[in-house]
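Okay, thanks for coming, everyone. I'd like to walk you through a structure today, a piece at a time, so let me put it up on the screen.

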Amino acid sequence: MRTLRDFTSARVDLPTAGNSIATAPLLELRLAHARARDAVHLPLDASSLSLDFRQRGWPSLVLQSQAKTRDAYLRRPDRGRVLSAESREALSRFAQSRPFAFIAADGLSALAVDRHAAPLLAAVFTRLDYNPDAAHPVFIAQQARVAIGDVIGECIGAELAIVLIGERPGLSSPDSLGIYITWAPRTGRTEAERNCLSNVHANGLSYEMAAHKLAFLVTEAKRRKLTGVALKESAGELLSMNNGQRSLSK
């Protein structure tokens with residue numbers, strides 16, 4: 001006989017011992033909580049991620065927010081939305097019009113970025129027929145919030161900022177990755193002006209489905225010159241179409 005627990009990873013209908021949760025699920029809950037806490041505090045190994053990108057043929061540039069430490073990042077969200085002076089200087093040589101700013105940001109789970117950013121980007125680049133190069137690197141942002149994509153995109157004159165960022169860890173997924181897409185990124189953009197794809201991880205949204213949905217949003221954003229509440233994601237209706245996408249890098 002099937003129970004509710006067969007249909008969800010949520011902690012429902014747990015076995016009990018007297019008036020308390022049974023020992024095994026209680027210990028599992030505490031372990032999940034510890035993993036979530038660790039994911040929040042774990043720093044991003046930007047050098048390792050950059051090496052992974054380089055081995056895939058993608059040049060990258062590591063950037064830093066104004067939050068110099070993980071503690072400062074967690075206590076001062078505003079500093080995670082602004083680039084350091086050194087990073088702004090590093091971006092100055094890229095100041096030209098370009099289609100995309102792809103950004104891998106640690107967010108609240110560096111573990112998510114470390115595990116999923118590279119394979120997800122590989123699927124995305126295939127869908128978009130896009131290849132990073134020395135003039136169009138993938139940016140790696142440390143101690144970063146979503147809005148740092150607005151600053152980076154504005155600095156380099158990008159049409160679209162696409163931020164892959166670690167989401168707030170949950171008790172069932174400490175390594176969930178989110179994707180935020182913003183048309184004409186610039187400082188001051190609101191959350192209502194972005195689109196979001198979330199829950200990319202082993203038991204959530206797959207790389208291929210996430211890339212498919214992102215390609216749809218990118219295509220529509222470029223066509224309609226907007227993102228946000230006015231742009232609805234309905235990529236599921238397009239699954240029967242061919243898997244290729246025309247190049248959007250021109």
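One term before we start: when I say polar contact, I mean a pair of N or O atoms within 3.5 Å, where, within protein, one has to be able to donate a hydrogen and the other to accept it. And please keep in mind that this is a predicted model.

So, here's a case of that. The side chains of Ser 50 and Ser 60 are joined by a polar contact of 2.8 Å. Ser 50 sits in helix H2, which covers residues 46-55. Is Ser 50 buried or exposed? Its relative accessible area is 11%, and the cut-off for buried is under 20%, so Ser 50 is buried. Leaving out residues up to four places away in sequence, Ser 50 touches Ser 60 and also Ile 140.

There's another serine I'd like to show you. Ser 84 is in the loop between helix H3 (70-75) and helix H4 (85-91). Ser 84 is buried too, with a relative accessible area of 5%. What does Ser 84 touch, if we skip residues up to four places away in sequence? That would be Gln 64, Ser 65 and Gln 66. If you want a distance to hang on to, the C-alpha atoms of Ser 84 and Gly 149 are separated by 13 Å, and those two residues are 65 apart along the chain.

On to the helices. Helix H1 takes in residues 23-41, which makes 19 residues. At 1.5 Å a residue we'd expect H1 to span 27 Å, and its end C-alpha atoms are 27 Å apart, so that agrees. Which residues of H1 are buried? Pro 25, Ala 32, Ala 36, Ala 39 and Val 40. Looking down the axis of H1, those buried residues fall within an arc of 100°, so they line one face of the helix. The general rule here is that an α-helix has 3.6 residues a turn, so residues three or four places apart point the same way. The buried residues of H1 pack against strand E2 (20-21), H3 and H5. On the face turned away from that buried side, H1 carries the exposed residues Thr 23, Leu 27, Arg 30 and Asp 38.

Now helix H7, residues 207-224. Its 18 residues should span 26 Å at 1.5 Å each, and the end C-alpha atoms of H7 are 25 Å apart, which agrees. H7 has a long list of buried residues, including Ala 210, Ala 211, Leu 214, Phe 216, Leu 217 and Val 218. What covers them? Strand E4 (98-105), helix H5 (110-128) and strands E6 (158-166), E7 (177-183) and E8 (194-200) are among the elements that do.

One residue in H7 I'd point out is Lys 213. Lys 213 is buried, at a relative accessible area of 17%. Not counting residues up to four places away in sequence, Lys 213 touches Leu 197, Leu 205, Glu 233 and Ala 235.

Okay, aromatics. How many aromatic pairs turn up in a search of the whole structure? Eight. Phe 53 and Trp 58 make a tilted one, with 5.6 Å centre to centre and 50° between the planes. Phe 53 and Trp 58 are both buried. Phe 102 and Tyr 130 also form a tilted pair, at 5.5 Å and 40°. Phe 102 is in strand E4 and Tyr 130 is in the loop between H5 and strand E5 (138-142), so this pair ties together parts that are 28 residues apart in sequence. Phe 102 and Tyr 130 are buried as well. Those four rings belong to one aromatic cluster, together with Phe 100 and Phe 125. And over at Tyr 73, Arg 145 lies over the face of the ring, 4.1 Å from its centre.

Last topic: backbone angles. As a rule, most residues other than glycine have a negative phi. Asp 129 isn't a glycine, yet its phi is positive, about 50°. Asp 129 is in the loop between H5 and E5, and at 42% relative accessible area it is partly exposed. Gln 143 has a positive phi too, near 50°. Gln 143 is in the loop between E5 and helix H6 (148-156), and at 10% relative accessibility Gln 143 counts as buried. Then there's Lys 225, right after H7, with a positive phi near 60°.

That's my tour, so over to you for questions.

Conventions
Residues are numbered from 1 along each chain as its sequence is written. This is a predicted model: local features need pLDDT of at least 70, side-chain atom pairs count only at pLDDT 80 or more; totals for chains, interfaces and linings use all residues. Side-chain values use heavy atoms; hydrogens and water are left out. Helices (H or I, at least four residues) and strands (E, at least two) are DSSP runs, numbered from the N terminus. The expected span of a helix is 1.5 Å times one less than its number of residues. Buried means under 20% relative accessible area, exposed over 50%, partly exposed in between (1.4 Å probe, protein chains only). Contact means heavy atoms within 4.5 Å. The arc is that of the directions from the helix axis to the C-beta atoms. Rings of Phe, Tyr and Trp (its six-membered ring) pair if their centres lie within 6.5 Å; planes under 30 degrees apart count as stacked, over 60 as edge-to-face and the rest as tilted. A charge sits over a ring if NZ of Lys or CZ of Arg is within 6 Å of the ring centre and within 35 degrees of the ring normal.
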